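Here's a quick tour of a fold you may want to have open in your viewer. Take a look at the picture first, then read on.

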Amino acid sequence: MNLLIESEFNCSFDLYKEKVQEFYEQRAGDCLKKVEVLMVNENKAYTVLDCSDFRMLSKLLLSQDLIKWADKNGCKDKIYAMAPLEKE
């Protein structure tokens, strides 16, 4: 399943990207094939994920340490499922 996470935050983009990459590499590597973090501006990013187990990822995203980090850094996420358009 391809996912897009739209994130807005109060910290710098560099700190956000570092935290996101660290999180996915250390804790969610088993359910992800690809992670790309793209800067929209200094306080907004899009993260594109190729996820093989959304239930597992959901549990990880709701972990207390991640919630605390998000609260501390004013991070708000919107998660979208993506699918390729079919040719007619």
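What follows covers the sheet, the helices on it and the aromatic rings.

## The sheet

Keep in mind that this is a predicted model. Its strands make an open sheet of four, ordered 2-3-1-4 and paired antiparallel. Strand 2 (32–41) and strand 4 (76–82) sit at the edges with a single partner strand each, so each has one side with no neighbour in the sheet. On average, neighbouring strands are turned by 20° against each other, if you ignore direction.

Let's zoom in on one pairing. Strand 2 and strand 3 (residues 44–51) run antiparallel to each other and are joined by eight bridges. If you want a spot to click on, try V37, whose bridge partner in strand 3 is T47.

## Helices on the sheet

Helix 1 (residues 13–27) packs on the sheet and touches strand 1 (2–8), strand 2, strand 3 and strand 4. Its direction makes about 170° with that of strand 2. Helix 2 (residues 54–61) also lies across strand 1, strand 2, strand 3 and strand 4, and runs at about 140° to strand 3.

## How the two helices meet

Two packed helices are described by the angle between their axes and the distance between those axes. Here, the axes of helix 1 and helix 2 come within 12 Å and cross at roughly 125°. An angle between 115 and 145 degrees counts as oblique, and helix 1 and helix 2 are therefore oblique to each other. Helix 1 passes helix 2 in a right-handed crossing.

Which residues make the contact? On the helix 1 side you'll find F23, Y24 and R27, and they meet M56, L57, L60 and L61 of helix 2.

## Aromatic rings

How many aromatic pairs turn up in a search of the whole structure? The search finds three. In one of them, the ring centres of F9 and Y16 are 4.2 Å apart and the planes are at 5°, so this pair is stacked. Are these two residues buried or exposed? F9 is buried, with a relative accessible area of 3%, and Y16 is buried too, at 4%.

F23 and Y24 form another pair, this one edge-to-face, with 5.1 Å centre to centre and 65° between the planes. Both F23 and Y24 are buried, and these are residues you've already met where helix 1 contacts helix 2. Finally, ring pairs tie F9, Y16 and W69 together into a cluster.

Conventions. Residues numbered from 1 in each chain as written. Predicted model: local features only at pLDDT ≥ 70, side-chain atom pairs only at ≥ 80, totals over all residues. Heavy atoms only, no water. Pairing = 2+ DSSP bridges. Helix = DSSP H or I, 4+ residues; strand = E, 2+ residues; numbered from the N terminus. Axes fitted to C-alpha atoms, helices over the stretch in contact; angles between N-to-C directions. Contact = heavy atoms within 4.5 Å. Phe/Tyr/Trp six-rings, centres within 6.5 Å; stacked < 30°, edge-to-face > 60°. Buried < 20%, exposed > 50% of the residue type's maximum accessible area, 1.4 Å probe, protein only. Parallel < 35°, antiparallel > 145°, perpendicular 65-115°, else oblique. Left-handed = near helix turned anticlockwise from the far one by under 90°.
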